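Notebook open, coffee poured. I want to go through this model piece by piece and jot down what I look up.

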Amino acid sequence: MTSRRAFLGAVAAAPLLAATPAWAGTVRDTAASGVDASAGPADFARLRAKAAELITGGDLDPRDPAFAAPLARLDATALAHRASMNLAPGRTHLWPDLPLTGVSGDIATSHQRLRALATAWASRGSALYADETLAAQIIGGLDLLYERAYNEGKRETGNWWHWEIGAPRALMDTCVLMHDAVDAGRRAAWIRAVDRFCPNPDRRTNLTNFAETGANRADKALIVALRGIVGESADKIALARDGLSDRRDAGKHTLFGYVTSGDGYYADGSFVQHDVVAYTGSYGVVLLQSVSAILGLLGGSAWQVDDPAVRVVLDAVERTYAPWIHDGLMMDSVRGRAVSRQFSQDHDAGRDTVDAILRLAAGAGEPYAARFRELAKGWIARGRFLAGADVAATARAVAVLADDAVAPAPRPSGHHVFADMDRVVHRRPGWSYAISLSSRRIAMYECGNGENYRAWYQGDGATYLYLDAGHYSDGYWPTVDSHRLAGTTVDTRPRDPAVSSGGTGTFRPKNAWAGGATADGYGVAALDLTAAGTTLTARKTWVCLDDAVVCLGAGITSADGRVIETVVENRRTSAPLTTGDGWAHLEGVAGYVFPAGHRPRSLTERRADTWRSINDGASTQGTDATVTCDYTTLWLDHGISPSGADYAWIMLPGATPDRTRDFDRAEILANTATVQAVRAHGRSAGGGELFAATFWAAGEAGGVSASTPCAVLVRRAAGRLTVAVSDPGRTVAAVTLVLSHPAHALVRADDTVSVTTGERPSVIVDLAGSRGRSHTAVLAVGRKG
């Protein structure tokens with residue numbers, strides 16, 4: 001099965017761009033076409049050779065043991081497609097499972113399978129390399145598709161993506177690979193089909209004046225560039241290049257800029273697609289792949305990308321993507337409905353991201369290039385990159401691993417609040433922890449096109465604990481009890497499959513509050529839960545420390561006559577669970593401390609299901625093979641129609657039973673619907689003291705008071721008092737904090753923060769228009785003099 005978003009591999013070891021970034025110049029004037037009039041057949045031939053290297057890896061030594069596995073995977077796929085291909089006279093389809101009866105996915109997938117065959121035909125070391133009979137079969141297959149399914153006279157039916165991106169991308173790739181084996185007449189006909197459905201990067205073909213954005217614009221720009229290369233059209237290549245910067249609409253939808261709504265990169269590192277979905281790890285990856293491919297293809301040519309704002313994409317490597325990559329995998333919290341794709345799981349998305357970053361490193365110049373290679377080397381060494389990489393990606397990975405001048409970047413520490421996509425991620429060398437929130441700005445989940453049927457609670461405070469590289473891979477999504485995702489507070493009602501009335505659909509709650517504050521690598525996050533389709537409401541807070549996460553819930557109320565639960569953990573494991581008085585320990589996972597008398601319930605079970613049950617999409621469907629996994633679930637039962645219920649637990653990733661039982665470094669100061677607050681010290685706070693609170697209303701806790709709703713983090717360490725404040729609800733103009741520790745001097749502060757020092761320092765923060773970001777100040781502690 002070819003993934004819907006299957007990307008061709010990487011350029012071989014040769015640099016893609018000059019040492020000086022091509023984008024250091026000025027944007028060309030498209031009114032003057034921006035095309036070097038001297039460009040001729042040799043220039044197009046060089047571009048075709050580059051494009052072929054993107055797919056095959058170029059002139060590599062197939063005897064090198066590093067390429068044995070990727071070549072074997074390529075051959076296995078191609079030989080299976082060839083064996084099942086319909087070659088009968090008078091045929092009406094190419095594969096029995098793709099009958100070409102008008103289903104758009106059948107058309108796109110047929111083209112993608114022919115591309116896989118063409119890739120094997122063009123790859124040195126493949127069992128099908130230069131097979132003349134296969135070449136004739138591929139060309140005959142393309143003839144059939146053009147005649148019956150995909151030509152300039154057809155109208156779009158079904159999913160627009162298959163017509164405008166999926167099929168033309170695969171078709172142009174195949175034309176690149178087989179250029180010298182295909183006569184000019186055939187190429188011209190196939191190009192006419194591409195011109196019909198993807199004439200430019202700027203507009204959706206099946207809609208009137210619908211501007212393309214984000215990943216779709218990037219995909220289309222690459223298709224148009226390949227179409228220009230195959231058809232030797234200078235104007236088309238220029239159109240592709242200028243589509244990245246959206247020269248047509250004066251940069252309104254440029255991929256090299258920050259947006260404040262809708263699709264694209266945000267200044268805080270968020271990436272959104274489909275207007276309201278956190279999509280760094282799916283559509284964001286596709287954008288990065290396509291942009292890096294275009295930069296590589298056109299670098300050094302007459303159509304070189306030279307928009308200086310392309311640095312937005314380079315900065316996004318560490319600002320947008322790196323926080324979500326754990327040992328080479330892309331965290332599911334930012335993959336949207338793609339979590340339901342059997343053939344595009346977290347490691348696949350991570351591999352695509354790392355590969356694109358290595359392509360960027362080849363021509364980005366410093367300081368980007370060295371840092372990109374260091375990051376990539378660390379991810380590749382710790383992850384599963386080589387287990388699924390194609391030949392070209394393997395070449396790049398092997399090269400960076402063998403480069404002694406590149407030191408692998410270690411696992412990071414830090415805390416990131418992506419306020420513009422309602423996501424939070426906490427990183428420590430031994431573990432990572434992600435929190436998926438939602439609001440009236442960002443969807444709880446996306447489903448549709450036959451994907452993500454059990455998405456109900458993916459944005460309701462679902463949490464993801466990463467300790468290893470396999471937990472959320474290896475069958476998690478088809479087998480986990482999706483009514484009980486870790487971190488969520490849920491109504492135990494039965495749920496029908498999540499579907500959309502047409503195409504894909506997003507579902508947003510009514511709450512405004514989702515987000516948090518961060519400073520010094522620590523953070524507090526909160527969600528004002530307003531559950532969809534029920535009366536359930538709750539106020540949820542997480543405080544993320546060095547060795548623990550404190551989880552609080554208050555004001556849990558429902559009037560629907562059903563049991564309400566909060567899920568502490570739902571882990572794919574067969575390890576033993578040990579419980580004691582006020583604590584529990586799951587071997588190899590974490591310890592859980594339950595203060596205030598909360599007693600969890602537990603369930604150990606074996607669950608079985610299929611990937612097809614959560615995804616039967618036309619081009620992404622899973623198989624019917626049964627997947628079986630063991631699970632241990634911990635949850636708190638709030639009873640039927642609770643009013644003002646609460647919960648509290650402290651999770652200790654990787655802790656031993658003894659450390660769990662003896663843990664005393666975090667104190668819950670308040671846990672009500674008005675304020676939730678925690679104080680931590682010692683090892684949990686890096687040797688200092690930390691106060692974190694969600695003030696849902698004006699109030700006081702632990703000696704700290706707030707005049708209006710806000711999220712607050714105060715850390716005292718090494719003679720400094722660091723204060724961070726945010727407005728996750730985006731409803732407050734200003735807040736005044738009064739602190740509990742003396743401070744005699746202001747060290748530094750954001751221009752939105754003013755401080756009065758003294759025995760009880762006051763901090764006034766201008767929150768208006770700050771989009772949920774953290775405002776910080778650093779004070780010198782102690783008494784003056």
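Where is the place of proline 367? I find proline 367 in the loop between helix H11 (346-361) and helix H12 (368-382). For helices and strands I use DSSP runs, numbered from the N terminus: H or I with at least four residues for a helix, E with at least two for a strand. I checked the backbone there too, and the peptide bond from glutamate 366 to proline 367 is cis, with omega near 10°.

Ground rules before I go on. This is a predicted model, where local features need pLDDT of at least 70, side-chain atom pairs count only at pLDDT 80 or more, and totals for chains, interfaces and linings use all residues. Residues are numbered from 1 along each chain as its sequence is written, and side-chain values use heavy atoms, with hydrogens and water left out.

**Whole chain**

I counted up the secondary structure: 16 helices and 35 strands. The chain's radius of gyration is 27 Å, close to the 28 Å that the globule rule gives for 785 residues, so the chain is as compact as a globular protein of that length. (The radius is taken over C-alpha atoms, and the rule is 2.2 Å times the number of residues to the power 0.38.) Along the principal axes, the C-alpha atoms fill a box of roughly 80 × 55 × 50 Å.

Buried residues make up 61% of the 785. My cut-offs are under 20% relative accessible area for buried, over 50% for exposed, and partly exposed in between, with a 1.4 Å probe and protein chains only. The accessible surface comes to about 26900 Å², and 50% of that belongs to carbon and sulfur atoms. Areas are from Shrake-Rupley with a 1.4 Å probe; for residues, only the protein chains shown count as cover.

I also looked at contacts, meaning heavy atoms within 4.5 Å. Of those between residues at least 6 apart in sequence, 70% join residues at least 24 apart.

Charges next: 81 positive and 84 negative side chains, with the centres of the two sets 2 Å apart. Lys and Arg count as positive, Asp and Glu as negative, while His and the chain ends are not counted. Each charge is placed at NZ of Lys, CZ of Arg, CG of Asp or CD of Glu.

**Two buried glutamates**

Which side chains does glutamate 451 make polar contacts with? I get arginine 341 at 2.6 Å and asparagine 615 at 3.2 Å. A polar contact is a pair of N or O atoms within 3.5 Å; within protein, one must be able to donate a hydrogen and the other to accept it, and residues adjacent in sequence count only if both atoms are side-chain atoms. Glutamate 451 is buried at 1% relative accessibility, in the loop between strand S9 (445-448) and strand S10 (462-466).

Glutamate 565 is in strand S17 (residues 563-572) and is buried too, at 6%. Its side chain has a polar contact of 3.0 Å with the side chain of arginine 484. Skipping residues up to four places away in sequence, I see glutamate 565 touching eight-odd neighbours, including Arg484, Thr488, Trp635 and His638.**Around arginine 341 again**

Serine 282 touches Val334, Arg335, Ala338 and Arg341, again leaving out residues up to four places away. Serine 282 lies in the loop between strand S3 (277-278) and helix H9 (283-298) and counts as buried at 8%. I took one C-alpha distance here: serine 282 to threonine 353 is 9.5 Å, with their positions 71 residues apart along the chain.

**Valine 272**

Is valine 272 buried or exposed? Valine 272 counts as buried, because its relative accessibility is 0%. Strand S2 (residues 271-273) holds valine 272. Beyond four places in sequence, its contacts include Gly262, Tyr266, Asp420 and Ile442. Glycine 262 is 10 residues away in sequence and 6.7 Å away, C-alpha to C-alpha.

**Positive phi**

I noted alanine 250, with a positive phi of about 55° although it is not a glycine. Alanine 250 sits in the loop between helix H8 (234-245) and strand S1 (264-265) and is exposed at 75%. Aspartate 327 also has a positive phi, near 50°, but aspartate 327 is buried, at 6%. Its loop runs between strand S4 (325-326) and strand S5 (329-330).

**Alanine 749**

Last lookup: alanine 749 in strand S32 (residues 743-749), partly exposed at 34%. Alanine 749 touches Thr776 and Ala777, with the usual four-place exclusion.
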